[in-house]
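Grab your viewer and work through these exercises with the coordinates open. Try each task before you read its solution.

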Amino acid sequence: MTTALDRVRQAALELPETEERLSHGQSTFFVAGKQFAQFRDNHHGDGKTVVCVRTSGLDEQAMLLERDPETYSKPAYLHSSGWISINLAGGSVDWVHAANRIAESWELAAPRRLLEAGGR
């Protein structure tokens, strides 16, 4: 059975020069040493299964929260930097959308040399 973490891991690790390591006990994905995604399952007992990703900033974060509060939430500790959490619980998860948001987050964290080389 494929888990939510398996799907996040697959989406993140197919991106160039990505590595996974634990950060604060969570599976976290980095490109060139910069974090771009973090999987959280019941983080500090919040009962949520999410992937946290970068946005272009607080304006995009606010727009996403307003547009779709069932999918998006503010992640603990990361929200003040414009990060967003994507709900991965339940049977109606749009995995293509989640993978695209993970890739967009990678693009926001990746060094210019990777983006100029064609990125993903």
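Buried here means under 20% relative accessible area. Keep in mind that this is a predicted model.

**Exercise 1.** Work out how many residues of β2 are buried, and which way each one points.

*Solution.* Start with the count: six of the six residues of β2 are buried, so the strand is largely enclosed by the rest of the structure. Next, sort the side chains by direction. Gln26, Thr28 and Phe30 go one way, while Ser27, Phe29 and Val31 go the other. That fits the general pattern: in a regular strand, side chains alternate between the two faces of the sheet.

**Exercise 2.** Find which strands pair with β2, and how they connect to it.

*Solution.* Take β1 (residues 18-23) to begin with: six bridges join it to β2, and the two run antiparallel. One bridge pair to look up is Leu22 with Ser27 of β2. The link is a hairpin with two residues between the strands, and His24 in the turn has a positive phi of about 55°.

Now go to β3, which pairs with β2 over four bridges, again antiparallel. Here Phe29 has Ala37 of β3 as its bridge partner. This is also a hairpin with two residues in between, where Ala32 in the turn has a positive phi of about 50°.

**Exercise 3.** Which residues touch the most other members of the largest nonpolar core?

*Solution.* The core has 27 residues, and the answer is Phe36, Val51, Leu88 and Ile102. Elements giving two or more residues to this core include β2 (26-31), β3 (34-41) and α3 (95-109). Then zoom in on Leu88: leaving out residues up to four places away in sequence, its contacts include Val8, Phe39, Val51 and Trp95.

Conventions. Residues numbered from 1 in each chain as written. Predicted model: local features only at pLDDT ≥ 70, side-chain atom pairs only at ≥ 80, totals over all residues. Heavy atoms only, no water. Core = buried A, V, L, I, M, F, W, Y, C linked by side-chain atoms within 4.5 Å. Buried < 20%, exposed > 50% of the residue type's maximum accessible area, 1.4 Å probe, protein only. Contact = heavy atoms within 4.5 Å. Pairing = 2+ DSSP bridges.
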